[in-house]
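Work through the exercises below with the structure open beside you. Each task is followed by a solution that goes step by step.

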Amino acid sequence: MNNEQKLLQAAASVFGIDPQTLNVDSSPETVPKWDSLGMVNLIAELEAVFDVQFDIMEIADFHNLGIIKSVLSEKGIPFE
Amino acid sequence: MSLLEIPTAWPETVKSEVQGALNSRRLGAIRGALRTLADLPESIRGKRFKLGIIRTFTIETQLDSLGLALATLPCQPDISLGPLESLEQSLLDTDSDFRRTEPDAILALWRLDELHPKLAFEAPEMASESRGKAADELIERIAALCRKFTAASHVPLFISTIPMPTNLSHQPAGIHDHNGLRSVLLKINRALLNIAVESNQVHLFDFAAWTEQFGESSIDCKMDFFARQPISAAALPSFSTALARLFRPLLQPPSKVLALDLDNVLWGGVIGEDGLQGLKIGHDFPGNIFRRFQQTALNLRARGILLVLLSKNNHSDVEEAFRNIPDMPLKLEHFAALRVNWREKHQNLSDIATELNLGLDSFVFVDDQQFEREQMAFNLPQVKILPVTEDPLTILNALTSCAHFDSYRTSAEDLTRSSDYAMQNQRKELELASGSTAEFLTTLGLRATLSSVNDATLGRVVQMLAKTNQFNVSTRRHTDADIRKILADPRNILIALSLSDRFSDQGMIGLGIAVAGSTNEEIFIDTLLMSCRAIGRGAEEVMWSALVSYATSLGFRRLSAEYIATSKNEQVADLFDRFGMRRVDETGERRRYLIELPAIAPLPKWIEVIDSYST
């Protein structure tokens, strides 16, 4: 599983949905369970999966999976 | 790593999945484990447990972890949350959505940040009197909450102590209490502890102690600011486990007995091999580990937990060691029962359970030998077995952190239970030490001598007839002359029984008299008695067997008997029933019995019988 798949899989398991339904454009607007608590779960899950810590101002900008992907890649997680 | 006590009845794969998922902190793994548990048979999942939580901060996303920890109690948890804030409304209004879930237990999780933000963040600016007043108000608020709730409901309520506020919890310990907050919190928490101590319905979750134990890593400031979710992901497994354990006594009755192995558990080394001098027990390493273990067991005893000893050893070696090793916390008299012998431990434990009249599921077993643990688990699956290795520190830690004895209260009865049992134990010490009754009796080397009565023993016979009240089926007080008359007819039987064992000779302690009827068909047991001090050793069976066999050899076809009830001979009311005789008649306090001859009357295996009657 590459890191993009890992990202989608982590989000899918948090929201309890099929990873196929997610992509980098997925956001709270397109994913019903991505509410404020969903966001808290997503952050905890991603920090555990990728063994990183997000800064507090980074998470304020987590408007879609693409942004999260780029923050992860700034933290040294390689994406193709 | 947070260790759960996972039910032994769960399959191994499930156990490791649950433990792994909880510590992984991965939501997917935790939910997967919860799904696995949902597929287990109902019988090993435990009953449904509805937990209601009122709280002042966010824990929504952490409930799966808590649910998984709770499930290991075992139970089928169903957690409902009250809305943030509105503690009073959630708890006291029976029409609130929260109360309508009808929880089996309610937990209040709160902290100063929300309960009293001014005190939490502005304490340094406040005058000392205002801080004191704020603390008193908060104490009264919580006390009133508990008072009103318990007046109207029987649901157990768990209140939390209050940790240092997040912004101050990272200050190094020992720093001067600049802002006066630490002393204020100590006062508040002391009051909360008192509320719990004084109520049978209110219990305490020491949230402050938990956060202090984990220090900085218990709180996640980022998620606290972002979503008011303070419990850190790293500390969540520990938080869930600590909370789950809090509810354990509601679902699992506390264990009552700690069954201890001896060698390499209570001391280092093997007494049979290393000898007294080679044992490691004392203040120096590694004896200090075993000493601490003994003290931990003794502290459990002070709470009313019974200690029993299961050791494969020679009893005398063990007795000598306990008597001669100086300064050992545990003494032999601290044990409610001892089994120092070479039987299998599960047999000894079963015996003890019967003797103490306790269920096997009340026992927790500690043994450093895997073989012994496996054998116990195989034979007595109800017994709880501490998961240990041969490493003495794991054995100590397993006992220190053992949840099986958890209970909310220690009653006055609990406190005296251990010493009550210990006194009984002293009276029966040798019996306890030697295993089951038959095995014990075998060790005594009992010898019964059957003899006829002559002039030299007649006095003793008449004395027994006059004095014996309890083990006496007919209580006939024959005189010297009566006995001589009975002896004059050769068809009559008069047997005296003497008993000795390897300790002492007890002399003549039993008498059996059978009187021939007018025909040669029937002979009647006129008297059967035993001295009290000989009871319980099988001497009565020896006497019975002798009566049957002599009556048979004299050519009688039937043996009859009579039980005459008195105020003192209740213990032999069913003696003839036990011997296999048939009841033929009953009038008033007299009951007649009959048996056809020849009859089977087996002798106890543990008594050597010397028959000098016939000769």
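**Exercise 1. Enclosed space**

Task: In this predicted model, establish how many cavities of 30 Å³ or more there are, and describe the lining of the largest cavity.

Solution: Begin with the count, which comes to 5 cavities of 30 Å³ or more when a cavity is taken as a set of grid points where a 1.4 Å probe fits but cannot get out. The largest cavity has a volume of about 230 Å³. Next, turn to its lining, which is made up of 21 residues, and among these Ala44(A), Arg25(B), Gln62(B), Ala233(B) and Leu236(B) lie nearest the centre of the cavity. Then assign the lining to elements: helix 2 (36-50) of chain A, helix 2 (27-38) of chain B and helix 4 (63-71) of chain B each supply at least two residues, and the largest share, 7 residues, comes from helix 2 of chain A. Finally, sort the lining of the largest cavity by class, which gives 10 nonpolar, 6 polar and 5 charged residues.

**Exercise 2. The interface of the chains**

Task: Describe the interface of chain A and chain B by its contacts, its buried area and its salt bridges.

Solution: Start from the contacts, where 17 residues of chain A meet 14 residues of chain B. The size of an interface is often given as the accessible area lost when the parts come together. For chain A and chain B this buried area is about 1,400 Å², and carbon and sulfur atoms give 65% of it. As a last step, look for charged pairs: the rule finds 2 salt bridges across the interface. A salt bridge is formed by Arg26(B) with Glu45(A), whose closest N and O atoms are 3.5 Å apart, which is within the 4 Å cut-off.

**Exercise 3. A pocket and the domains of chain B**

Task: Work out where the second largest pocket lies with respect to the domains of chain B.

Solution: First set out the domain assignment of chain B, which gives domain 1 (47-251), domain 2 (257-400) and domain 3 (432-612). The centres of domain 1 and domain 3 of chain B, taken over C-alpha atoms, are 72 Å apart. Now consider the second largest pocket, whose volume is about 380 Å³. Its lining has 20 residues, and those closest to its centre are Arg245(B), Arg303(B), Asp406(B), Ser407(B) and Tyr408(B). Two or more lining residues come from each of strand 5 (202-205), helix 13 (236-251), helix 15 (287-302) and helix 19 (392-400) of chain B. Because domain 1 and domain 2 of chain B both give residues to this lining, the second largest pocket lies between them.

How values were computed
Residues numbered from 1 in each chain as written. Chains lettered and ligands numbered in written order. Predicted model: local features only at pLDDT ≥ 70, side-chain atom pairs only at ≥ 80, totals over all residues. Heavy atoms only, no water. 1 Å grid on protein atoms, 1.4 Å probe; cavity = no way out; pocket = protein on both sides within 12 Å on 5 of 7 lines; lining within 4 Å. Points joined across faces, edges and corners; volume = space filled by probe spheres on them. Helix = DSSP H or I, 4+ residues; strand = E, 2+ residues; numbered from the N terminus. Domains from an automatic or database assignment. Nonpolar A, V, L, I, M, F, W, Y, C, P; charged D, E, K, R; others polar. Contact = heavy atoms within 4.5 Å. Buried area = accessible area lost by both parts, 1.4 Å probe. Salt bridge = Lys/Arg side-chain N within 4 Å of Asp/Glu carboxyl O.
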